[in-house]
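Q: Please show me how to read the surroundings of a ligand in a model.

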Amino acid sequence: MRAKSLWPEGVQESQPIWWHNPKYKPNKRAANEGRVGVDDLKRAVESWSRFQMILSKIFSDIESGDGAQSQLAQLDLPEFLPSKVLVKADHTIKTTGSIKGRGGVYEVLSFAEYVLKSHGIDPRAHPMAPLSAAARALFERYKIVVGSTGNLAFSVGMAGRKLGFRVEVHMSRDAQTWKKVRLRDAGVHVVEHEGDYSHAVDAARKVASTDAFSYFVDDENSVTLLIGYSAAAREIMRQLEHSGIAINQDNPLFVYLPCGVGGAPGGITLGLKNIFGPNVHCIFVEPVASPCMLVQLASGSAVPVNVYACGLSNETIADGLAVAQASMLVAEVVGEQIAGVATVQDDDLSEWVERMWTLAGMRLEPSGAAGFAAFARHGRAIQQSFGSNQAGTTIIWTTGGSFLPELEWAYAREQGQRVLSNRANLIV
Ligand SMILES: Cc1ncc(COP(=O)(O)O)c(C=O)c1O
């Protein structure tokens, strides 16, 4: 007789599954107050409005506008009927081109304000102070250090350099060459690692710990990153109101969020639960080879458990989601607010990169298309877990891709066309 596996059925076999989190508490609005409180979420919204003014001065493609970093667009495609589907288009976020900019840029600007405060300058009284020559002279003394698969490094690097900080990024083997090239062109010191994401983060942590003038952006443990992402929830609230869509018991919101280490989807979940409470359900999406949040939450363990322990490879074309160990901060603080995890195959990602280009002209990288892949595969099952008579409104969060250079884009499309044609042959 085979022993019952510790893991949900299909996970070890790399099958795409929908895992409904048994510890999900739909009514839990506030986070684990000891670590991230409602006041932190409010502070993030407030700080972002100052930061938006600064960013519009240093980056020519950013307008100070109404504070929305990306559009929430209705997607009227027959493929998704009868569901009502909206897209939160973070693949178009200015300057950084991905959802990670929400956290990375927020943390760089928060650190800039911290440096100014420690020199007696109050950023609330002088919101543009980070752009002064005196501030730049101060920032040049500091080095910001970060480890990442690519998009966080890219965001921290671009924002940090613009303010005058020295920046050192440690990138894992999954990181794309074009991101390294662009960072080096911006004056960032790029350190390449043969190891995976956790290895790159560890290396960055070590470097920063030996130098009093280094500041480490910790993708695994930073509360500042988390609350930077959380402010997106207010954007959503405003955009839904503007579109005349009321979220309530009769029209719940289902949100599909691609998950790597968990910071971006975790922070957004915190923000959304705080606003919409039991009427929003956040679904994390992970590749079948790297379902780190699923493994951590399903293990029920208070100590880290990674996907290798489950016999999985952590090898996926979704570089942003190629993470073996989930953030313990997110697992602990947000775990009970995550409705569940949907996993997808690399071929699903390629297929949806191509489909969303031909259907809607969206230029997505494989990680950025994960929400569509999950919705297409598991949308019905997910809906049924919450009561099939509640169609609700679905938001698919597209998280990166509009910056892909032509060559990478052509390759991504080629892979998508190959999958679509193989799958069509299978049906015939
Ligand atoms: C395009 C893209 N989407 C989603 C994510 C997931 O974010 P997180 O690692 O914070 O879970 C990443 C992470 O780098 C990413 O690059």
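Q: How many residues of each class does the shell around the ligand have?
A: The shell has 6 nonpolar, 8 polar and 2 charged residues. Ala, Val, Leu, Ile, Met, Phe, Trp, Tyr, Cys and Pro count as nonpolar, Asp, Glu, Lys and Arg as charged, and the others, Gly among them, as polar. This is a predicted model, where local features need pLDDT of at least 70, side-chain atom pairs need 80 or more, and totals for chains, interfaces and linings use all residues. Residues are numbered from 1 along each chain as its sequence is written, and side-chain values use heavy atoms, without hydrogens and water.

Q: Which residues are the closest to the ligand?
A: A residue is near a molecule if one of its heavy atoms lies within 4 Å of it. Here 16 residues surround the ligand, and Lys100, Asn151, Gly260, Gly262 and Thr399 are the closest.

Q: Which atom of asparagine 151 lies 2.7 Å from a ligand oxygen?
A: A polar contact is a pair of N or O atoms within 3.5 Å. For asparagine 151 the atom is a polar side-chain one, whereas glycine 262 places a backbone N or O atom 2.8 Å from a ligand oxygen.

Methods: A polar contact is a pair of N or O atoms within 3.5 Å; within protein, one must be able to donate a hydrogen and the other to accept it, and residues adjacent in sequence count only if both atoms are side-chain atoms.
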